[in-house]
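Visitor: Could you take me through the empty spaces in this model, the enclosed ones to begin with and the open ones after that? I'd like a close look, residue by residue where you can.

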Amino acid sequence: MSDIVPDSSPEGRAALAPEFRNPDDDAYQCAIQSWVLRSEGRTIVVDTGAGNDRNRPQVPQFDHLKTPFLDNLRRAGVEPEDVDLVVNTHVHYDHVGWNTRLDNDEWVPTFPNARYLIPRVDRDYFDPENEQRRPAARTDADRLRRRGSRLVFADSVAPILERGLATVWEYGHRIDGNLALAPAPGHTPGSSVLKLSSSTDRALFVGDLLHSPVQVAELTANSCFCENQAAARATRRRLLDEAVKTRALVVPAHFPGQGAARGAQGERALRTSQLGRLRSDPRAVGEAQAGHRD
C-alpha cells in the first residue's frame, strides 16, 4: 500500500484494513471496474477497464487477461450494441482497455454503436507521434512505461480514432441535461471528472483522483501514478471541496465493494459509504461493476 500512495501516513493506511488494505502484507486492495448510467434514453459506460488479450509488459498482472467483462455487462442487462456513449475519464490502460476487443487479430470497437468521449489533452499527450514533446525517459522503468503507453494507444485508442467514433473534447463537454465532463488535471494532463446533477442527486465520477480512501483524509497524498504532483493535489482539494458543498457522491474508479464517499455540509472530510441507487435518471450507478478484481 505504501508504494501505491507513498505520501500517505502509516496511521492512515492502517485504518483502511481489511477492505482497502491487506494488513498481513500491506497490499493495496482495489477494483478495476466500469460504471453504467442511463440518462435521457441513452446507455453510457464510464471507463472501460483493462481489457483482454493485451500485451502489457509494464504491468504484468494485466498482461493477456481473460476476464468475463462482457458477460458481467450482459448480466447487468447491457449488450455491447446497446451502449450509446463511452466516457474515458483519462487515457490509462485500466480505463480504456475495453474500448476495443480482439477480432481475428484486429482491434475493433467493443461498442460499435457508441461515441467515445476522450479528453483532447490526453489524446495528444499519449499519442506516440507527439512523444518528443514529453519529458525524456531517464530510467529503464520510464522507458518501459513509455513503451506501455504506446501499446495502450495502439490497441485501445487509435482504432477508435481511425474509425471516426471519437468525440475529442477540451475545456468541458456537456453530454445532456444530467451529465457534463470537466477537466481535472494532475493524475494525467487530461484527466477529467464526470459530473452528475439530476433533481436533488449529485455525483462526481472522478476516475483516478482517488486511488484509496486514505486520500480523502490526507488530501496531499498522491498516488504513485500521478504525473503532475502539484496539479493532482490542487484538483483533489478543489473537487472534494465541491463534493462537500453539494453533498455529492464521489465515485472513484478503484474502490472495491462499490465504495464511494459522501460529502456533507460543514464537514471538511468525506465519509466513505456504500453506493445506493440514485432516485432519478440516470439510475443504478453501480449497475455494472464489469471487470476483474485484484
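Guide: Let's settle a term before anything else: a cavity here is a set of grid points where a 1.4 Å probe fits but cannot get out. Keep in mind too that this is a predicted model. With that rule, you get three cavities of 30 Å³ or more. The largest cavity comes out at about 80 Å³. Its lining is made up of 15 residues, and Ala184, His187, Ser191, Asp208 and Leu209 sit closest to the centre. As for where the walls come from, strand S13 (201-207) and helix H7 (229-246) each put in at least two residues. H7 is the top contributor to the largest cavity, with three residues. Sort the lining of the largest cavity by class and you find six nonpolar, seven polar and two charged residues.

Now for the open side of things. The largest pocket has a volume of about 970 Å³. There are 36 residues around the largest pocket, and the ones nearest its centre are His92, Arg145, Cys224, Phe225 and Glu227. Three elements give two or more residues to that lining: helix H3 (93-96), helix H4 (120-126) and helix H5 (140-162). H5 has the largest share, with nine residues. Break the lining of the largest pocket down by class and it reads 20 nonpolar, eight polar and eight charged.

While you have the structure open, have a look at strand S8 as well, which covers residues 115-119. Four of the five residues in S8 are buried, so the strand is largely enclosed by the rest of the structure; buried here means under 20% relative accessible area. S8 has pairing partners you can trace. One of them is strand S5 (residues 85-87), which pairs with S8 in the parallel sense over three bridges. Within that pairing, valine 86 stands opposite tyrosine 116 of S8. Another partner is strand S9 (residues 166-169), which runs parallel to S8 and is joined to it by four bridges. Here proline 119 has tryptophan 169 in S9 as its bridge partner. If you're following side chains along a strand, remember that in a regular strand they alternate between the two faces of the sheet.

Definitions and conventions:
Residues numbered from 1 in each chain as written. Predicted model: local features only at pLDDT ≥ 70, side-chain atom pairs only at ≥ 80, totals over all residues. Heavy atoms only, no water. Buried < 20%, exposed > 50% of the residue type's maximum accessible area, 1.4 Å probe, protein only. Pairing = 2+ DSSP bridges. 1 Å grid on protein atoms, 1.4 Å probe; cavity = no way out; pocket = protein on both sides within 12 Å on 5 of 7 lines; lining within 4 Å. Points joined across faces, edges and corners; volume = space filled by probe spheres on them. Nonpolar A, V, L, I, M, F, W, Y, C, P; charged D, E, K, R; others polar.
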